[in-house]
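Dear colleague,

I am passing on the structure we spoke about, and you will find it just below. Please have it open while you read the notes that come after it.

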Amino acid sequence: MAVSAIRDIASARRLVVKIGSALLVEDGKPALLRLQSLAQDLWALREAGVEIIVVSSGAIALGAARLGLPKGGRASLADAQAAASVGQVVLAQLWAEALGKHDLTAAQMLVTLGDLEDRRRYLNAAATLERLLEAGAVPVVNENDSVATEEIRFGDNDRLAARVAQAAGADAVLLLSDVDGLYDRPPGQAGARLIERIEGVTPEIIAMASDGSSSGLGSGGMTSKLQAARIAERAGIMLGIINGTYESPIANAIAANRGTVFLPVRTDNARKAWLGGRLAPEGVLTVDAGCVDALGNGASLLAAGLTDVDGAFQRGALVSLHGPNGERLGQGLVEYSAEECRAILGLQGSEQEDRLGYAPRAAVVHRDHMVRG
């Protein structure tokens, strides 16, 4: 069944539920009553035939409290890594106990950005998720913050949830927040209106979001949720935002049909959805106005349209594509190193061989290895 409203969540085939630190940790201690309420909701969905994957935050906050670290364990990278190492043990135990009360088996799965950026490792993660669901387990996924660095990490579990949904072939993602969804202005302001249905994350929609986590515990905010929605919509996955602070929050949102739903606006094939969801480009290729038009019509990126190259990358790397005014056009896998791109910048095909010393490739970024947006 197509999932197009919050009430349809109960009819989803496979659902990823993301739960943030603020909902699971209070004053450094587990919010046990809320966790038990969430477990009850997840059990009810399972009873309705929905396969569940949980993306759970909370490890750093729990570990920081155990170790007595300042600023919730986020004073330094070393503190965050140490806190995560301790907190993951606590978090896994909490989920195992909460789900176990409903005869559900929790399976811990820790991933890094590289696990979902590298195609082979991405497919391995997808296979693991599939086998766990076949076996009846509830995968509980988190970023492996004990080894993640500031430069190589998701940075928030909203985007991780969308990437996990891609890998698992889910048809819906549900992000639990401390507000009912996306409002047209800060929800505390007079006249703020909840936007219940969004078709495509446009610049106007992004302008409505605010950065940062209101709790101070997590690393996400509404902006990260919109980034997650963009990843999901590319893969044909619905994404919903609901208020997780209520008792039985999922059941409550379904009954009231209250929240914000982002409808998928395209369905890329599996490889292009993976490519479009990648989060760590290694460089930027800037193109001229003529090339922008050509790319818009489905053409490959040719050296003749290149005007600037930024970064140090090798052939096969992920790069962002920008227009002449700095606007982001998309991203793709480059056929040349950064040095080679600079050497053939602006050249026609006949001129490239002399500069490279070998016959040029068909494109700098081939359309089959490129996604727009």
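The notes below go through the annotated positions, a neighbouring topic in helix H4, an aromatic pair and one further helix.

Please keep in mind that this is a predicted model, and that the values are all computed from it.

I begin with the record. An unreviewed UniProt entry lists Ser57, Asp145 and Asn157 under "binding site", and although these residues are spread over 101 residues of sequence, they cluster in space, with a largest C-alpha distance of 11.1 Å. Asp145 sits in the loop between strand E6 (137-143) and helix H7 (157-168), and with a relative accessibility of 11% it counts as buried, the cut-off being under 20%. Asn157, by contrast, belongs to helix H7 itself, and at 9% relative accessibility Asn157 is buried as well. The side chain of Asn157 makes a polar contact of 2.9 Å with the side chain of Ser57, which links two of the positions listed in the record. Leaving aside residues up to four places away in sequence, Asn157 touches Lys18, Val55, Ser56, Ser57, Asn142 and Glu143.

Asn142 and Glu143 come up again with Gln88, a residue of helix H4 (residues 77-100), since Gln88 touches both of them along with Ala59, Gln108 and Leu110, again not counting residues up to four places away in sequence. Gln88 is buried, at 8% relative accessibility, and its side chain makes a polar contact with the side chain of Gln108 at 3.5 Å.

Turning to aromatic residues, a search of the whole structure finds one aromatic pair, formed by Tyr122 and Trp274, which is tilted, with 6.3 Å from centre to centre and 55° between the planes. Because Tyr122 lies in helix H6 (residues 119-134) and Trp274 in helix H11 (residues 270-277), the pair ties together parts that are 152 residues apart in sequence. Both partners are buried, Tyr122 with a relative accessible area of 5% and Trp274 at 3%.

Lastly, helix H9 (residues 222-234) has 13 residues and reaches 19 Å from its first C-alpha to its last, close to the 18 Å expected at 1.5 Å a residue. Of these 13 residues 11 are buried, so H9 is largely enclosed by the rest of the structure; the buried residues include Lys225, Glu233 and Arg234 as well as Leu226 and Ile231. After H9 comes Gly236, which has a positive phi, near 75°.

With best wishes

Notes: Residues numbered from 1 in each chain as written. Predicted model: local features only at pLDDT ≥ 70, side-chain atom pairs only at ≥ 80, totals over all residues. Heavy atoms only, no water. Helix = DSSP H or I, 4+ residues; strand = E, 2+ residues; numbered from the N terminus. Buried < 20%, exposed > 50% of the residue type's maximum accessible area, 1.4 Å probe, protein only. Polar contact = N/O pair within 3.5 Å; in protein donor to acceptor, adjacent residues only side chain to side chain. Contact = heavy atoms within 4.5 Å. Phe/Tyr/Trp six-rings, centres within 6.5 Å; stacked < 30°, edge-to-face > 60°. Expected span 1.5 Å × (residues − 1). UniProt positions renumbered as here; feature names shortened; annotations may be inferred.
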